[in-house]
Amino acid sequence: RGMSKSHRRGARLALHLALTCGLMIAGTTSCQNGGTIFSSGADASDACGREHAAFADSKSFYLQQVAQGALLGTLGGAALGALAASASGGNVGKGAAIGAGAGLVAGGAAGYFNARQQQAADQAALANSVYGDVNRASQEMDRATTTFSALRGCRFAAADRIKAAFRQGGLTREQAAVQLGDQKRRFDEELALAREYGAKMAEQDQQFRFAADSLVKQDPGAQQVLASRAAQMGTGDYVATAAVAVRSSPSTGADRVAALGKGQRVHGLADPASGEWRKIALDDGGAGYVSSKFLSPAMKPAAPAPVPAPSTPPAAASRNVQVAVAATETIPEKRVAYSRSVDDAAKQSNLSFNLDQTS
């Protein structure tokens, strides 16, 4: 309204191009993560068909729904770029493409939170929305961990039966090798899918951490409570005050598994028995320990308190923010546990599918 006919036509074209550019760019990035395609139906010829199908069912969540953040970031950038170009009389298509690219870079984490922010009526509703997403993600992580454990157990048990049949003379070496090779091929594909899930869990972790930081910045009341709770539990974000080694256990004699640079930001994990050491999440999905004297709590910049909607008392909004942010702390813990189980299974497979080795 108030725009000329040519500007309205340009705005409609801008939105259409924004959608097209956003889908093309976000689709390119998400499709490249596809990997092996799995059917959710059980293969009757596969001894572990049911376990395989149960694990593959998580694909729809991890390889499609989790990409929404990047898509939303791309679409938002494309729309703004196209509309700006239209209003200024510039090249709408070029503006959409540039905006989409910028949105993709910012994408993922920021795109997810910005979309939730636009949908929410007030701060309490926004926190509830984030909490609902975190809760569902936590449940999906539990499901993926449980179904992968069952699948891994089934594959290794099948390998043990094949090797036992060979030792008892029921199978020739060639027959046993072929059957073991089939089980190994299937499990290698399942390991690849398991690692794709892990990568998507890491993306989710970033989205929820960005959302949690943003919620806390908007609510100084929740900021104080959560900072105190994080200090007591050893969770929250930290900054390395110097270059320091990350150890496999809380001891200077433990193996070095990574290193931190001065100023590097890390996320602390709950481990009350670690004493003067801090357990942290690593980028590869694992965990390690750093001496507490080399870590300083990351300061979250305070922001002016937003004016809450009349229907939402400030105290209620703060409680919702605290619940949502506390829930995000479960995601790094579960991601580390899942990644470790996948790594352990990969190591064990080298033994289990070797005909001349006993499990």
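This section describes the salt bridges of a predicted model.

The structure contains 15 salt bridges in total. One of these joins the side chains of D343 and R195, with an N to O distance of 2.9 Å. Because D343 belongs to helix 10 (residues 330-352) and R195 to helix 7 (residues 173-217), this pair ties together parts of the chain that are 148 residues apart in sequence. D343 is partly exposed, its relative accessible area being 33%, and R195, at 42% relative accessibility, is likewise classed as partly exposed.

A second contact involving helices 10 and 7 is formed by R335 and D205, whose closest N and O atoms lie 3.2 Å apart. Here too distant parts of the chain are linked, since R335 is located in helix 10 and D205 in helix 7, at a separation of 130 residues. Both R335 and D205 are buried. Salt bridges with shared partners also connect D46, R155, D182, R185, R186, E189 and E190, which together make up one network.

Within helix 7, the side chains of K200 and E203 form a further salt bridge, for which the N to O distance is 3.4 Å. These two residues are three positions apart in helix 7, so that about one helical turn separates K200 from E203. With regard to accessibility, K200 is buried, having a relative accessible area of 4%, whereas E203 counts as partly exposed at 29%.

Notes
Residues numbered from 1 in each chain as written. Predicted model: local features only at pLDDT ≥ 70, side-chain atom pairs only at ≥ 80, totals over all residues. Heavy atoms only, no water. Salt bridge = Lys/Arg side-chain N within 4 Å of Asp/Glu carboxyl O. Helix = DSSP H or I, 4+ residues; strand = E, 2+ residues; numbered from the N terminus. Buried < 20%, exposed > 50% of the residue type's maximum accessible area, 1.4 Å probe, protein only.
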